[in-house]
Amino acid sequence: MPQRTTLAELLADPSAPARAIIAPSSGAALSYNDLAEQVERLAAALRGAGLAPGDCVSIVLPNGLEVLVLFLALTRARLVAAPLNPAYKADELRFYMGDAQARAVIADTANAAVHDAAAKLGLPVWSPTADARGQVWISPLGPAANRVPEAARPDDVALFLHTSGTTSRPKGVPLTHTNVLCSSLNIARHYELTPEDRSLVVMPLFHVHGLIGAALSTLASGGAVIVPPRFSASEFWGLARAHRASWYSAVPTIHQVLLARADSDSAPHRGLRFIRSCSAALAPATLAQLERRFGAPVLEAYGMTEAAHQVASNPPPPRPHKPGTVGVGTAEVAVIDDAGHHLGANMPGEVVVRGPTVMRGYRNNPEANAAAFIDGWFRTGDRGVLDADGYLALIGRIKELINRGGEKISPAEVDAVLLEHPAVAEAAAFGIPDAKYGEEICAAVVLKADADANELAAYCRSRLADFKVPKAFHIVAALPKGPTGKIQRRELSAMFKPGAK
Ligand code: AMP
């Protein structure tokens, strides 16, 4: 096959009659040639609606065949896809859509928060439908009379996402065709994916893990993706059996849920080629239990939005996979000290990455970019150590993030919402260890008027997606602060973690 340079060439074989996408909820299945035809048709319709190259379109949809078809159509048309979590509240959506400079929104008609946010920004909302054959239509866009749009270029931005920042403002991450395509091909190559493979997609497609790690990697290798609307533990093994899944990728929280119910769900003892874990730390004990119960190698990987997902992963057999590590670099990976010097094996420091999958920089954020890059390497904000075989172990985090079951929460964003409450004088969100999610979010609050935890929770729930709402509020007389007045979140975590006195 000639070298692929843009996402228009992502599909392993666009003329193949083989299955590409299976939507179990409607029973629709798309072949590669159906998919390729639809991408051309919808790309023409989107450009026919008046969008110009480089324009951004927000997609706010649950997982499904529509998201993948629309993503490929938008990028085919030289437009930028900006998928967003449908659980976001109107204020969050307004920020993300505004920051992405979206020109239109594709969402379900039933999502009131989207309509509210889009109306405030003066954006049209288009609704997609898929018929029983998996043909996607966007209302009110008609069939375009236009010619097929010109080809995208490798440097065109294809995907625009946000990552939680150290301030309350999330950072915009533009990923080019090269970034996303190279990452999808890397992942396909690393796990030796073939047209025989079928990936059961349980991670959201608005995040790089689901979109690139599970779905695009599979489409790049000619296999099939099985895309239910959401992860459902009770339906997981039925779907895996019915559609002959050969692998799945998920966060440790999902693996643990599947493991806990494996016997009552009559989960199979073998059948998967491998299980991939990414986006949060997988305990070696859980890895061992998963391997024992499901009879498949469990390969832990390390990914991040800024690097179009995978940075490192344990390899499939016969190469060894090492529990407690995230495997070998699939991008260039190194470890540096505080002064920026590269460190040798067994010396802990900050993990840095570079290569064709890494973004060129956050959008409109020179300050964040100055801090994020060093000599062409991207600083991950994670601490790690490489062993003599080049396997990376993650040992901590420099950046201030709460990783709740793979969903990243910026504590500063939660502080900012709490500080808007009229009874709150000071607020600090922080993470505590949690058996189910790895970390859970809590908040400490200094009050200047009467309020209780229920009221604060309701206030947060009206402004923040549920996963960002603190599970406990601690009313305190003062917040612990360092010599420069910086709130000591680590101290709060130690004070309020389970079992602390
Ligand atoms: P995101 O941009 O949402 O993909 O988040 C990226 C961050 O998730 C990384 O910088 C890490 O802090 C964390 N992460 C990803 N994979 C792992 C892993 N296998 N173990 C621990 N943390 C991880």
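1. Does Glu439 count as buried or exposed? In this predicted model, Glu439 counts as buried because its relative accessibility is 18%, and the cut-off for that class is under 20%. A reader who wishes to find the residue should look in strand β25, which runs through residues 438-447.

2. The surroundings of Glu439 can be described through its side chain, which makes a polar contact with the side chain of Arg397 at 2.9 Å and also reaches the backbone nitrogen of Asn403 at 3.2 Å. When neighbours within four places in sequence are left aside, the residues in contact with Glu439 include Leu401, Ile402, Arg404 and Gly405, and also Gly431, Ile432 and Asp434.

3. On the division of the chain, the assignment gives domain 1 as residues 17-152, domain 2 as 307-397 and domain 3 as 401-496. The centres of domain 2 and domain 3, taken over C-alpha atoms, are separated by 29 Å.

4. Turning to the ligand, 17 residues surround it, and the closest of them are His207, Ala301, Thr305, Asp382 and Lys399. By character, this shell divides into seven nonpolar residues, five polar ones and five charged ones.

5. Which atoms of the protein lie opposite the nitrogen and oxygen atoms of the ligand? A nitrogen atom of the ligand is 2.9 Å from an N or O atom in the side chain of Glu300, and a ligand nitrogen atom is 2.7 Å from a polar backbone atom of Ala301. For Thr305, an N or O atom of the side chain is 2.6 Å from an oxygen atom of the ligand. Taken on its own, the ligand has 500 Å² of accessible area, of which the protein covers 93%.

6. As to where the shell comes from, β14 (298-304) and β21 (392-397) are the elements that give two or more residues to the surroundings of the ligand. The largest share, five residues, comes from β14.

7. A last point concerns helix α8, residues 252-260, in which Pro252, Thr253, Ile254, His255, Leu258 and Leu259 are buried. These buried residues pack against two helices, α7 (233-242) and α9 (284-294), and against two strands, β12 (247-250) and β13 (274-277). As general background for reading such a list, an α-helix has 3.6 residues a turn, so residues three or four places apart point the same way.

Technical notes. Residues numbered from 1 in each chain as written. Predicted model: local features only at pLDDT ≥ 70, side-chain atom pairs only at ≥ 80, totals over all residues. Heavy atoms only, no water. Buried < 20%, exposed > 50% of the residue type's maximum accessible area, 1.4 Å probe, protein only. Helix = DSSP H or I, 4+ residues; strand = E, 2+ residues; numbered from the N terminus. Contact = heavy atoms within 4.5 Å. Polar contact = N/O pair within 3.5 Å; in protein donor to acceptor, adjacent residues only side chain to side chain. Near = heavy atom within 4 Å. Areas by Shrake-Rupley, 256 points an atom, 1.4 Å probe, with all protein chains shown as cover. Nonpolar A, V, L, I, M, F, W, Y, C, P; charged D, E, K, R; others polar. Domains from an automatic or database assignment.
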